[in-house]
Amino acid sequence: MITGERMAVVDENAAALGVSQKQLMESSGHALARTIRAVADTGSTIAVVAGRGNNGGDAFVAARFLEDYDLTISLLGRAERIGTDIARENWDALQRAGFDTQEVTDSSEFDLPECDVVVDAMLGTGISGDLREPAASAAAAINASDATVVSVDVPSGFDANDGDHGDDGVDADHVVTFHDTKPGLADLAADVTVADIGIPAAAERFVGPGDVRLARPDGREGRPYIIGGGPYTGAPALAAQAALRGGSELSFVAAPDAVAGEIQGYSEDLIVQPYERDDDVLTPETAQDLLETAQEYDNVVVLGPGLGTADETLEAARQFLESFEGRVVVDADALRVVPNLETDATLVCTPNRRELAGMGGPDVDDLEAAADEVEAFAADLGHLVLAKGATDVITDGERTRISRSGTAGMKVGGTGDTLAGIVAALMTYADPLEAAAAAAHVNGLAGERLAETEAFGFLASDMLKEIPAALWNETDE
Ligand SMILES: NC(=O)C1=CN([C@@H]2O[C@H](COP(=O)(O)OP(=O)(O)OC[C@H]3O[C@@H](n4cnc5c(N)ncnc54)[C@H](O)[C@@H]3O)[C@@H](O)[C@H]2O)[C@H](O)CC1
Ligand SMILES: [K+]
């Protein structure tokens, strides 16, 4: 099962792997034609009713495989307003090849041709809201006819993200859906065929540009709260700055008074809040104070960078996580308290290989080869794990993604802190697994950008300025 939203991600990842959307459309159209052929007797009349998106494009392809039928193709709208290049190219091919096509420019002009089979290619996963004209009238005409209805991908009017089918949507007899079934299709009284359209498994397994696009913000959003610092001061500053570079509006750092000025000194962009108590490290009492502040903000916390391993600090981390109910990126020393923790919070744990082994996870060099073990460990732990290494494995115990971005220069200290900050930025609004996967990828892309000119010599602090381009520009190419 895959949602329409996720399908668009996989599609984009496939294109980045070299399997273009036009190739996928060709496979979709071919698969569609096979089903149509199975339900249309020799000599039948087939009416294709197409929209201006790629759902229509699939049917334009199918038409080329169905030339032996009595076939008409109606486009709802003007050809010059076809929404994508690949759908337009397939429409143009039908014109040049002399197919029987017509443009329906006014909903009152639409008459469903006499037919035995109608192909509903008006709307697929690109729908938003209830059917508008002329699709609404066309759907009514399709539903009123006695013809067998074959819907492309989903019946038009059906929302492939939540399985909702609007009252005025098409009533399909057959649905040919692509790659995987969509939520809610099984509840329809239609015969559903899932067609393999040749999307490589890697497009789902490896984090790609589609995942980044899904998880990134469209504007400035989010106010993560970084609880870190004490024995070390660079780590929380890097995490907090990375969150700002990842689109957060504000980035708060809670730290011991003794080091707050030092952390602020690295960056005028941060809001550093000294602990009220006069301790050099995080204590259980301070953790209680911070709990209230964390809940007032966006309920997204980074816990760990630079906290150190004092007994009282680890106890403080434990108590914080036991009481907090929001989302937390747990990094560095704080990871030690996660095994056997009782918490209602949503945790994204970001261990490196050593920390992963220390938590009771697999002790391996090659995380990618051990992805199944990491997945099983996350399932046992009951929390999401982003295991950091040459490749990163991101898993919630059921869904597992791998990010291969990054470069050897990122072995330098501090790149894990920038990662934690990006995860927090994206997690203020995106699904935690999607946020963690995209963040791992973006952090690696930022390093790759620097490696082009600075080989193995760049710093984690240099990566900060590369995060925006890795997040917004790189994946637009
Ligand atoms: N990997 C794949 O899944 C592939 C899928 N393909 C097919 O492409 C469609 C999705 O195409 P897309 O262009 O994104 O959207 P649609 O064709 O579904 O519709 C866009 C079109 O519809 C208009 N619109 C949106 N909402 C409404 C509404 N409520 N009423 C009327 N009109 C509406 C919008 O303005 C656009 O013009 C997928 O389902 C597959 O069939 C490709 O084959 C590639 C591989
Ligand atoms: K459709």
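These are my notebook entries on a predicted model of a two-domain protein with a ligand.

**Ground rules**

I number residues from 1 along each chain as its sequence is written, and I letter chains from A and number ligands from 1 in the order in which they are written. Since the model is predicted, local features need pLDDT of at least 70 and side-chain atom pairs count only at pLDDT 80 or more, while totals for chains, interfaces and linings use all residues.

**Entry 1: overall layout**

I began with the whole protein, whose C-alpha trace spans about 85 × 45 × 40 Å along its principal axes. I looked up 17 helices and 16 strands, where helices (H or I, at least four residues) and strands (E, at least two) are DSSP runs numbered from the N terminus. Buried residues make up 51% of the 477 residues; a residue is buried if 20 or more other C-beta atoms, placed from the backbone, lie within 10 Å of its own, exposed if 12 or fewer, and partly exposed in between.

I then turned to contacts, which need the C-beta atoms of two residues, placed from the backbone, to lie within 7 Å. Of the contacts with a separation of 6 or more, 71% are between residues 24 or more positions apart.

**Entry 2: two domains**

The protein is divided into domain 1 (4–200) and domain 2 (209–476), with bounds that come from an automatic or database domain assignment. Their centres, taken over C-alpha atoms, are separated by 43 Å. How many residues of each domain are in contact with the other? I noted eight residues of domain 1 and five residues of domain 2. The side of domain 1 that touches domain 2 has four nonpolar, one polar and three charged residues; here Ala, Val, Leu, Ile, Met, Phe, Trp, Tyr, Cys and Pro count as nonpolar, Asp, Glu, Lys and Arg as charged, and the others, Gly among them, as polar.

From the UniProt record I copied the feature "domain: YjeF N-terminal" (unreviewed entry), placed at residues 7–205. I computed that this span is 33% helix and 19% strand, with its end C-alpha atoms 13 Å apart.

**Entry 3: around ligand 1**

There are 31 residues around ligand 1, and Gly53, Asn54, Asn55, Gly124 and Gly126 come nearest; a residue counts as near if its C-beta atom, placed from the backbone, lies within 6 Å. Helix H1 (4–16), helix H2 (21–39) and helix H3 (54–64) each give two or more residues to this shell, and H3 gives the largest share, five residues. By class, the shell holds nine nonpolar, 16 polar and six charged residues.

**Entry 4: the cores**

A nonpolar core is a set of buried Ala, Val, Leu, Ile, Met, Phe, Trp, Tyr and Cys residues joined through C-beta atoms within 7 Å. The largest has 91 residues, and Val423, Leu426, Ala436, Ala439 and Val442 have the most contacts inside it. Helix H15 (residues 432–454) gives the most to this core, with 11 residues. Apart from it lies another core of 61 residues, including Tyr69 and Ile199.

I followed Val423 further: leaving aside neighbours within four places in sequence, Val423 is in contact with Val329, Val348, Thr350, Leu386, Ala435, Ala436 and Ala439.

**Entry 5: two buried loop residues**

Ala40 is found in the loop between H2 and strand S1 (45–50). Why does Ala40 count as buried? Ala40 is buried because 22 other C-beta atoms lie within 10 Å. Ala40 and Thr148 are 108 residues apart in sequence, yet 8.6 Å apart in space, C-alpha to C-alpha.

Asp396 sits in the loop between strand S15 (392–395) and strand S16 (400–403), and Asp396 is buried, with 20 other C-beta atoms within 10 Å. Not counting residues up to four places away in sequence, Asp396 touches Ala378, Leu384 and Leu433.

**Entry 6: backbone checks**

Most residues other than glycine have a negative phi, and most peptide bonds are trans. The peptide bond from Glu133 to Pro134 is cis, with omega near 0°, and Pro134 lies in the loop between strand S4 (117–121) and helix H5 (135–144).

His179 has a positive phi, near 75°, and lies in the loop between strand S6 (174–178) and strand S7 (191–195). Ala332 also has a positive phi, near 55°, and I found Ala332 in the loop between strand S12 (327–330) and strand S13 (346–349).

Key. UniProt positions are given in the numbering used here, feature names are shortened, and annotations may be inferred rather than shown by experiment.
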